[in-house]
Structures are given as structure tokens and as C-alpha cells.
Amino acid sequence: MQDNHHDDKKRAGRYGSRERSKFYYFKTWLKNMKPAKKLLLIVGALLILALPIGGSVLLTRAAASTPKDEVASMALKDKSAITLSSGQQGTVVATPSPEPTPTPTPEPTPTPEPDPTNTVIKFGMEYSCVASIQERMMELGFMESDEPTNYYGSITENAVRLFQRQVGLPDDGCVGLETWNAMCADDAPTYTVMQDMDGQDVTELQKRLRNLGYMDEITGHFGEITVEAVKKFQENNGLSDDGKVGMKTREILYSEDAVANFFKYGEKSDDIKEYQEKLAKLGYLTTTPDGSYGKDTVAAVKRFQEVNGLTADGFLGYDTIKKLTSSSALSNALKLGMEGDDVTNVQKYLKKLGYLSKVTGYFGSMTEDAVKAFQKRNGLSQDGTVGKNTMNVLTSSKAKKAESSSSSTSKSSTSKSSSSSGGTTATSSANASSVERFIDIAESKLGCTYVFGSKGPNTFDCSGFVYWCLNQAGVSQGYMTSASWAKSTKYPKITSMSKLERGDIIVYDGHVAIYLGGGSMIDASSSKGKVRKCSGITSNSYWTKHFICGFRVF
């Protein structure tokens, strides 16, 4: 034990001696080193110490200046690196990081359909919202009824101007947000012409008031004189006399039922006798002029107005007198398909002379045969119509009676019994050539411009187009609105669209047209702004909904 302890101490002494010896040599080396080498040694030592410290500072600053999203990206990379974890039985399992979720590409926002809430709609544009504008203008009475379209034409523009004029907006004819909101409002006004307004519509209603004897001067300005004229008209026609021309006043104003403030039924004067003489000379009056405005004079005036393209209201107004006293006044010619008191008077003369057995008021084939027999017996041209010459002879004391009343009666009885009625006579007398001529006349005006109130020859509204075509085809028919057509008893009435035939007149709520057959028609369209053809009307919800009736003229 002692020996071992001695050995350990001995070894420890030798180790300590060695360590002391190394430090001694280092001090001696350093002491003997030249000053320049000592300086280099110190600088090198300082550099060795400075490098780790400087690198640490730089890394800290770089981390502080790195953007948050970049730091997050670095963290994500570290997180998505392969993670080592202890598996079963001490194996190391590598867990792969999940695939990064791709960022979806945003879809572009679609451009909204142009409408008055985001675009000013104006002349020349074609969008689906235009149909809504037209439909609203028709509903409010600023535009004549027709099937709405997507095209913003001059007729739509004018209707919008009238609406803007009425609600106090700048009348530029364009539909922006303000105009759109005004027309869509629940309290949006219906079309009304009132004091202080100006425009072509004012001029037209002043002309009608003048023709009915309510005013003398046409100015185009709705002033106090026009207000008083309108009030007087409303008073005479049982309307509320507010001096404004709304939809109801306008309908009566342009109808055959309007009560005039001029020469009318029941009056008597020398002026009336003078006009009666002119009517008799032209073959319209079937009685002797006496200056009394009776039923025969009303019938003569209506027929004169009808033949000469005037509103057949039976009043001797401004336009009627002007036409009657002019050199261009057309003479009368009662013919197949006509009806009225003047036809009744002619039939009475024919019956009295033995040419006709029955008075019906309708000029059917039986009446036509009787007229031809009368013309032959009295040396007149046998055309079957009662014109000026035939009327003058028929109403004179020189008219020759039929050779045998029994033979004429027998001849008349061989004619179809339906000839005495307005319903089936026109159907039986219709022929293909007359219908085709009528259609050819209508198609010759395709593309002509629509103008409200126009009656041709190159501009039309829907009623004026039908009126002009009928007269060109030889049918004496006065200008009638759709409302007047709907109440007509002159022609056979068709109550179903499925029973319409080529050449029939179609009456809609606020519109009239000519049927071409095969579900097509031709008309002067306010929404299209021209005379056009329209197909598929019998399956079109708009036309089937607004259909009133049809009339078989030929």
C-alpha cells in the first residue's frame, strides 16, 4: 500500500514539473520576441476573437430586416423538411411534408348587361332593356301599342322626349338613371298634353279641335286659347273639363263619336243648304236640300268624309268644308260592301221603282244586281255602283221603273239570301284577285317611315296604313283608329285568330294590321319605325294577348 502511494505521488510530481516547464518556455519565448512580432501576434489574436462576434451581429441584423412573409416562408420550409422520428424497433422513419396548396386563379368579373342603371340608352342602340323602355312608354300612352323590340329608334326617342317633357326632365330623348327611375315609378304620369307645352302633338290636336269647330288658329303652343277649346270640347262630350288632353280625351277627340261645335244634327241655316247642294251635286245627298241638318245630311257628310280621307264623324267642320268647297273633292260611288243610311236611302228608291224587294242598309250582291238593272233601264253605264250620275237619275222624277217588278223580285230571290246581311255577303263576294291586289299595294310600301297620324302616301301610322291601302284597292273606307275599328259593324267580324284569312284586317288593342296568311301580317310598326312584315303572330304571346278581332273586307 505504501509503495503504491509513493509511486502515485512520484508520477504527480513529474506531471506538475512538466506543466511548469511548458509555461516557462512560453514566457521565455514571448520575452525574447521582438516588439514588432508581439504586435502582429496581438492583432491576429484580436481578429480571431472579432470574427465570431461580428458574424453573429450581422446575422441578427439580417433576420431583423427580413420581411415577415419571407420569414414565414423560411419557417414553412423548415417545417416542411423531412422530420425524423423514432419508429418501431428503433428505426428512423422519414415523414414527407405535405404538398403546398396551389393558389386558385381568380375568375374575371363579367361585364353587366347595359341598362339605364349603368349606361345611358339612346338612339341607335340595341339592347334587351330597350324592349322594357318601349313597353313602359306604350303602357303610359306615350307610344302607340306594338310588339316591343330591342332597337332604340326615332319613335322610341320621341316617346321618351314627350315623357321627359311631362315630368320636367331635360328632353334629350335618352334614358339614363333619372329618366328610368321616373318612368318606372308607381306614380309615373300617363301621356297628357297640357298648358304651356309645345310640340307636333300639340299642333295635331289643335288641328282636330279646329276641324270640330272649337278653335281657329294653329300655333303648336298649348296656350290659354287651347285650354278653353279643350274645356269646351270636354264639356260637350261628357268629360271632366280640366283643359288637359289625356288618354281618354284624346280617344274621344279622334273618334267618330266626337261631338262637334260646328254645324251638326238638328241645326238649320242657309249655309247648311249651300253645303247640301254641293253634297247633292257630288252624289252624296239622297234627299232634296232644305237647309236642315237631318239624318240624311249626316249620312251624306259621313260618306263624303270617308271617300275623301277625313274622319267620318258626320260634322261639317273646318277640314270637311274646305274639302267640300275645293275642286279636288271626290264624288260619291256607293258600291259593294258599303253600309249606312245613304245605302238605305238608295235601296228605298230601288224598291219603290221595282228593282229591289228588301231594304237592309247593306250594299250586297242583291243591291248590286238591282243597280245594274236600273242603270241598264235608264241608259247608264252598268258598273253596279251608285255614283254621281246614277244618284242624280235615281233621285229625279225621270227615273224609269223596272219593266216587271215580279221578274226583278224573282231575279233577286235567286241571289244568296245572305246578300242582305253584312256578315256573309262580303265573304261570298271576296275573290282572290281583289285580295292579291290589296296585298300588292300594301307590300309596295314596305320600308316606308312610321309617323303618328300620317295617312300616306309615303309615311304612315298603323291606322293610316290600313286606310290608305284599302282606298287604293278601291274600298271607300275612312280613317279609323283601332278603337273605331273594334266597334265597326260595316264588315263581317272574325273573333278568332285561327279563322283569319289572307287580306283580313286585324284589330289589336291599340293597333291594326293586314293579315297575309300563314301566321304573318304587314303593318306600320311604331317600335320598328317603318312598314314591315311580321311572322308567327298566331303563336306570339304579345299578339295573341292583344288580339281583339278581325274584319273580312273582301
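I take a contact to mean heavy atoms within 4.5 Å, and with that in hand I looked up Met247 in this predicted model. Leaving aside neighbours within four places in sequence, I found Met247 in contact with Leu140, Gly141, Thr190 and Tyr191. Met247 belongs to helix α9, which covers residues 247-253, and I noted it as partly exposed because its relative accessibility is 41%. I also checked C-alpha positions: Met247 and Thr192 are 55 residues apart along the chain, yet their C-alpha atoms are separated by 6.8 Å.

**Entry: the whole chain**

I then stepped back to the totals and recorded 21 helices and 12 strands for the protein. Of its 554 residues, 43% are buried, and the accessible surface comes to about 30400 Å², with 53% of that belonging to carbon and sulfur atoms. Among contacts with a separation of 6 or more, I noted that 53% are between residues 24 or more positions apart.

**Entry: salt bridges**

My next search was for charged pairs, since side chains of opposite charge can pair when their charged atoms come close. The count came to 15 salt bridges, and I went through several of them one by one.

Arg165 forms a salt bridge with Asp201, and I read 2.9 Å between the closest N and O atoms. This pair links distant parts of the chain, with Arg165 in helix α5 (residues 154-167) and Asp201 in helix α7 (residues 200-211), 36 residues apart. Are the two partners buried or exposed? I found that Arg165 is buried and that Asp201 is buried as well.

Helix α7 came up again with Arg208, which forms a salt bridge with Asp313, the closest N and O atoms being 3.2 Å apart. Here too the pair links distant parts of the chain, 105 residues apart, with Arg208 in helix α7 and Asp313 in the loop between α11 (295-307) and α12 (318-324). I noted both Arg208 and Asp313 as buried.

For Glu403 and Arg377, which also form a salt bridge, I read 3.7 Å between the closest N and O atoms. Glu403 lies in the loop between α15 (388-394) and α16 (405-414) and Arg377 in helix α14 (residues 365-377), so this pair ties together parts that are 26 residues apart in sequence. I wrote down Glu403 as exposed because its relative accessibility is 71%, whereas Arg377, with a relative accessible area of 35%, is partly exposed. I closed this search with a network, in which salt bridges that share partners join Arg303, Glu306, Asp342 and Lys490.

**Entry: surface patches**

Which residues gather in a patch of negative charge on the surface? I found Asp196, Asp198, Glu224 and Glu228 there. Glu224 is in helix α8, residues 224-236, and I noted it as exposed because its relative accessible area is 62%, and exposed means over 50%. Asp196, by contrast in location, lies in the loop between α6 (177-184) and α7, and its relative accessible area of 55% is why I list it as exposed.

I looked for nonpolar patches as well and recorded one of about 290 Å², made by Leu39, Val43 and Leu47. Leu47 is found in helix α2, residues 35-65, and it counts as exposed because its relative accessibility is 53%.

**Entry: backbone exceptions**

I checked torsions next, bearing in mind that most residues other than glycine have a negative phi, and most peptide bonds are trans. Asp196, already listed in the negative patch, has a positive phi of about 75° although it is not a glycine. The peptide bond from Gly456 to Pro457 is cis, with omega near 5°, and I located Pro457 in the loop between β5 (449-450) and β6 (459-460).

**Entry: Thr385**

My last lookup was Thr385, which is found in the loop between α14 and β4 (386-387). Why does Thr385 count as buried? Its relative accessibility is 19%, and buried means under 20%, so I entered Thr385 as buried. Leaving aside neighbours within four places in sequence, I found Thr385 in contact with Leu334, Lys335, Val371, Gln375 and Thr390.

Notes. Residues are numbered from 1 along each chain as its sequence is written. This is a predicted model: local features need pLDDT of at least 70, side-chain atom pairs count only at pLDDT 80 or more; totals for chains, interfaces and linings use all residues. Side-chain values use heavy atoms; hydrogens and water are left out. Patches are made of residues with over 30% relative accessible area and no salt bridge: like charges are joined within 9 Å, nonpolar side chains (Val, Leu, Ile, Met, Phe, Trp, Tyr) within 5 Å. Accessible areas come from the Shrake-Rupley method with a 1.4 Å probe; for residues, only the protein chains shown count as cover. A salt bridge is a side-chain nitrogen of Lys or Arg within 4 Å of a carboxyl oxygen of Asp or Glu. Lys and Arg count as positive and Asp and Glu as negative; His and the chain ends are not counted. The place of a charge is taken as NZ of Lys, CZ of Arg, CG of Asp or CD of Glu. Helices (H or I, at least four residues) and strands (E, at least two) are DSSP runs, numbered from the N terminus. Buried means under 20% relative accessible area, exposed over 50%, partly exposed in between (1.4 Å probe, protein chains only).
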